[in-house]
Amino acid sequence: MNEVLKKIQETGIIPVVVLNDAKDAAPLAKALCEGGLPCAEVTFRTAAAEESIRIMSREFPEMFVGAGTVLTTEQVDRAVDAGAKFIVSPGLNPKVVKYCIEKGIPVTPGVCTPSEVEQAIELGLDVVKFFPAEPAGGLNMIKAMAAPYVGMKFMPTGGINPKNVREYLAYDRILACGGSWMVKGSLVEAGEFDKIKELTREAVEIVKESRGK
């Protein structure tokens with residue numbers, strides 16, 4: 001496992017961020033860092049994503065900033081040029097995965113079936129995103145899929161919240177969980193960065209409790 005994925009494993013929870021305005025990138029990054037989660041997956045769903053990654057990476061070099069919802073090789077280039085350290089996709093597109101591997105960029109594609117896990121193994125990956133986690137069967141589904149694929153770790157995202165994240169993190173095949181509850185769009189747009197910092201601190205405590213740190 002490469003250094004970036006090891007860092008993600010240490011973090012335990014990856015804040016999944018949707019930013020509609022790049023002006024929110026710096027205060028959000030500050031809140032995450034001060035809350036103890038110097039990491040973010042900025043989704044490429046909005047026009048502000050690229051510039052937000054650039055601002056976070058430049059102003060908070062200690063942060064591990066990645067790009068999520070990456071669907072094309074062109075988006076990979078834009079994200080990496082902006083400073084993204086890792087790429088996350090909702091599904092498994094072999095073209096995007098191969099492109100990232102060739103360029104030495106850590107990539108975590110989304111899967112929710114055994115066949116997709118086997119595709120990921122064939123491509124040389126040892127970590128996949130499990131998406132959408134809760135609608136696709138949650139932790140029980142991950143455990144069922146993990147059994148035959150002993151070398152694979154999972155990063156569940158989708159429906160993860162403070163009520164269920166502990167059970168996910170307690171399972172040793174979970175690398176980390178993607179979650180957006182501490183960085184909700186409504187909190188960002190309202191400028192409630194102190195609240196985000198508070199929720200982030202609570203998330204860090206959950207990781208420590210779940211993993212016995």
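**Helix contacts, loops and rings in a predicted model**

Helix 2 crosses helix 10 with a right-handed sense. The model in which this crossing appears is a predicted one. Helix 2 covers residues 25-35 and helix 10 covers residues 193-210; their axes lie 8 Å apart and form an angle of about 35°. From helix 2, the residues that take part are Pro27, Leu28, Ala31, Leu32, Glu34 and Gly35, and they meet Phe193, Ile196, Lys197, Thr200, Arg201 and Val204 of helix 10. By character, the residues of this contact comprise seven nonpolar, two polar and three charged.

The loop between strand 2 (39-43) and helix 3 (49-59) holds Thr46. Is this residue, Thr46, buried or exposed? Thr46 counts as buried because its relative accessibility is 15%, and the limit for a buried residue is under 20%. Apart from neighbours within four places in sequence, the contacts of Thr46 are with Val18, Leu19 and Asn20.

A second threonine, Thr69, belongs to the loop between strand 3 (64-68) and helix 4 (73-82). Thr69 is likewise counted as buried, because its relative accessible area is 18%. Its backbone also deserves attention. Most residues other than glycine have a negative phi. Thr69 is not a glycine, yet its phi is positive, at about 50°.

Helix 4 comes next. Within this helix, the buried residues are Thr73, Gln75, Val76, Ala79 and Ala82. In reading such a list, it helps to recall that an α-helix has 3.6 residues a turn, so residues three or four places apart point the same way. The cover over the buried residues of helix 4 includes helix 3, strand 3, strand 4 (87-88) and helix 5 (94-102). After helix 4 comes Gly83, which has a positive phi near 120°.

One of these covering elements, helix 5, packs against helix 4 at an angle of about 35°, and the two axes are 9 Å apart. The crossing of helix 4 and helix 5 is right-handed. Helix 4 contributes Thr73, Val76 and Asp77 to the contact, while helix 5 contributes Lys95, Val96, Tyr99 and Cys100. Where helix 4 meets helix 5, the contact residues are four nonpolar, one polar and two charged. Thr73 and Val76 thus appear both among the buried residues of helix 4 and in its contact with helix 5.

Further along the chain, the peptide bond between Phe131 and Pro132 calls for comment. Most peptide bonds are trans. The bond that joins Phe131 and Pro132, however, is cis, with an omega of about -10°. Pro132 lies in the loop that runs between strand 7 (127-130) and helix 7 (138-146). Phe131 also has a charged partner: Lys129 is placed over the face of its ring, 4.6 Å from the ring centre.

A further lysine, Lys143, is part of helix 7. How accessible is Lys143? Lys143 is described as partly exposed, because its relative accessible area is 40%, and this class lies between the limits of under 20% for buried and over 50% for exposed. The charged end of Lys143 is positioned over the ring of Tyr171, at 5.3 Å from the ring's centre. Lys143 and Pro114 are 29 residues apart along the chain, and their C-alpha atoms are 12 Å from each other.

Finally, the rings may be considered in relation to one another. How many aromatic pairs are counted? The count is zero, where a pair requires ring centres within 6.5 Å.

Terms used:
Residues are numbered from 1 along each chain as its sequence is written. This is a predicted model: local features need pLDDT of at least 70, side-chain atom pairs count only at pLDDT 80 or more; totals for chains, interfaces and linings use all residues. Side-chain values use heavy atoms; hydrogens and water are left out. Rings of Phe, Tyr and Trp (its six-membered ring) pair if their centres lie within 6.5 Å; planes under 30 degrees apart count as stacked, over 60 as edge-to-face and the rest as tilted. A charge sits over a ring if NZ of Lys or CZ of Arg is within 6 Å of the ring centre and within 35 degrees of the ring normal. Axes are lines fitted to C-alpha atoms, for helices over the stretch in contact, and angles run from 0 to 180 degrees between N-to-C directions. Helices (H or I, at least four residues) and strands (E, at least two) are DSSP runs, numbered from the N terminus. A crossing is left-handed if the near helix is turned anticlockwise from the far one by less than a right angle, and right-handed if clockwise. Contact means heavy atoms within 4.5 Å. Ala, Val, Leu, Ile, Met, Phe, Trp, Tyr, Cys and Pro count as nonpolar, Asp, Glu, Lys and Arg as charged, and the others, Gly among them, as polar. Buried means under 20% relative accessible area, exposed over 50%, partly exposed in between (1.4 Å probe, protein chains only).
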